[in-house]
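Colleague: Could you walk me through this one, and tell me what each label rests on?

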Amino acid sequence: MKIEYDVVRSDRKTVAIVISADNKITVRCPKRTSETKIKSFVESKSGWIEKVIALNGKKIVLNGDILSYERVFVNGVKLPLVVGSKTQITSDCVYAKNLKQIKNAFVSEFWGDFKKSVENTAFKFNCNVDGFDIKSYKRRWGCCFRNGKINFNWMIFMLPEDIRRYVVFHELCHTVHFNHSKDFWGLVEKYVPDYKILRARLKTFDFITKLY
């Protein structure tokens with residue numbers, strides 16, 4: 001398999017490969033990285049690259065309607081997406097004046113109740129949290145800062161409720177362990193015993209963070 005890729009050089013210190021949902025491969029590397037080293041690095045990751053491309057292919061087949069913006073996930077369920085009308089989410093459809101307004105529809109519909117819920121959860125489990133906010137992220141579902149501030153990706157409302165709950169506890173546990181250590185995952189498992197299954201399912205939704 002011949003692997004075609006783009007190269008992006010920057011001030012970063014390491015070489016990394018990023019594969020988009022539509023299987024575009026980008027190598028990110030330090031400015032002075034030679035073409036020989038880049039090629040060697042890509043070849044060493046060829047097995048992993050092929051697996052990701054195959055997985056993306058399956059996602060494209062299963063979610064062609066999501067990728068073409070004909071439908072959109074709401075709480076893990078696909079609903080028709082109507083663009084060019086009002087901006088609103090109903091029980092059977094998502095309306096948006098344009099694609100950029102989809103975020104507004106989800107935030108308006110779900111953020112208020114979700115914020116109250118996570119605030120109550122944080123209080124119940126005595127988590128040291130300094131507030132919650134909603135943001136746009138392309139590669140993550142949530143982010144916890146050292147000061148206890150937690151941000152969630154607005155697309156979290158596209159996820160099924162059980163996976164969303166895992167994301168919440170994942171970030172809350174970071175207020176205790178600001179890392180991904182054994183102790184961190186042990187704490188996550190205490191609150192979400194099936195987190196490994198949910199974490200694997202979450203990865204099947206990662207492609208949607210690149211769409212909006």
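**Pairs, sheets and pockets**

Colleague: Let's start with a small thing: which residue of S5 is the bridge partner of Val-72?

Modeller: Leu-79 is the partner of Val-72. Keep in mind that this is a predicted model, where local features need pLDDT of at least 70 and side-chain atom pairs count only at pLDDT 80 or more, while totals for chains, interfaces and linings use all residues. Residues are numbered from 1 along each chain as its sequence is written, and side-chain values use heavy atoms, with hydrogens and water left out.

Colleague: What makes S4 and S5 a pair?

Modeller: Strands pair if DSSP finds at least two bridges between them. Strand S4 (residues 71-74) and strand S5 (residues 77-83) have four bridges, in the antiparallel sense, so they pass the test. Their hairpin has two residues between the strands, and Asn-75 takes a positive phi near 55 degrees there.

Colleague: And what makes something a strand or a helix here?

Modeller: Both are DSSP runs, numbered from the N terminus: H or I over at least four residues for a helix, E over at least two for a strand.

Colleague: In what order do the strands of the sheet with S1 come, and how are they paired?

Modeller: The order is S1-S3-S2, an open sheet of three strands with mixed pairing. Strand S1 (6-10) and S2 stand at the edges with a single partner strand each, so each has one side without a neighbour in the sheet. From one strand to the next, the twist averages 25 degrees. S1 and strand S3 (residues 25-30) run parallel and are joined by five bridges; in S3, Thr-26 is the bridge partner of Asp-6.

Colleague: Where does H2 sit relative to this sheet?

Modeller: H2 lies across S2 and S3, at about 15 degrees to S2. For such angles, axes are lines fitted to C-alpha atoms (for helices, over the stretch in contact), and values run from 0 to 180 degrees between N-to-C directions.

Colleague: Which strands form the sheet with S10 in it?

Modeller: That one is S8-S10-S9, three strands in an open sheet with mixed pairing. Strand S8 (132-135) and S9 are its edge strands, pairing on one side only. Neighbouring strands are turned by 20 degrees against each other on average, direction ignored. S8 pairs with strand S10 (residues 150-153) in the parallel sense over four bridges, and Ile-134 has Phe-152 in S10 as its bridge partner. H4 lies across S8 and S10, at about 145 degrees to S8, and H5 lies across S8, S9 and S10, at about 155 degrees to S10.

Colleague: Why are H5 and H7 called roughly perpendicular?

Modeller: Their axes come within 9 Å and cross at roughly 105 degrees. The label covers 65 to 115 degrees; under 35 is roughly parallel, over 145 roughly antiparallel and the rest oblique. H5 and H7 are therefore roughly perpendicular to each other. The contact (heavy atoms within 4.5 Å) is made by Asp-162, Ile-163, Tyr-166 and Val-167 of H5 and Tyr-195, Leu-198, Arg-199, Arg-201 and Leu-202 of H7.

Colleague: How do those contact residues divide by class?

Modeller: Six are nonpolar, none polar and three charged. Ala, Val, Leu, Ile, Met, Phe, Trp, Tyr, Cys and Pro count as nonpolar, Asp, Glu, Lys and Arg as charged, and the others, Gly among them, as polar.

Colleague: What makes a space count as a pocket?

Modeller: On a 1 Å grid over the protein atoms alone, a pocket is an open set of points where a 1.4 Å probe fits, with protein on both sides within 12 Å along at least five of seven lines; lining residues have an atom within 4 Å of a point. The largest pocket has 33 lining residues, with Arg-139, Arg-140, Trp-141, Lys-203 and Asp-206 nearest its centre. Its volume is about 1100 Å³, meaning the space filled by probe spheres set on points joined across faces, edges and corners.

Colleague: Which helix gives the largest share of that lining?

Modeller: H2, with five residues. The lining divides into 17 nonpolar, eight polar and eight charged residues.

Colleague: What about the second largest pocket: what is its volume?

Modeller: About 270 Å³. Thirteen residues line the second largest pocket, and Phe-114, Ser-117, Glu-161, Arg-164 and Val-168 lie nearest its centre. H4 supplies the largest share, six residues.
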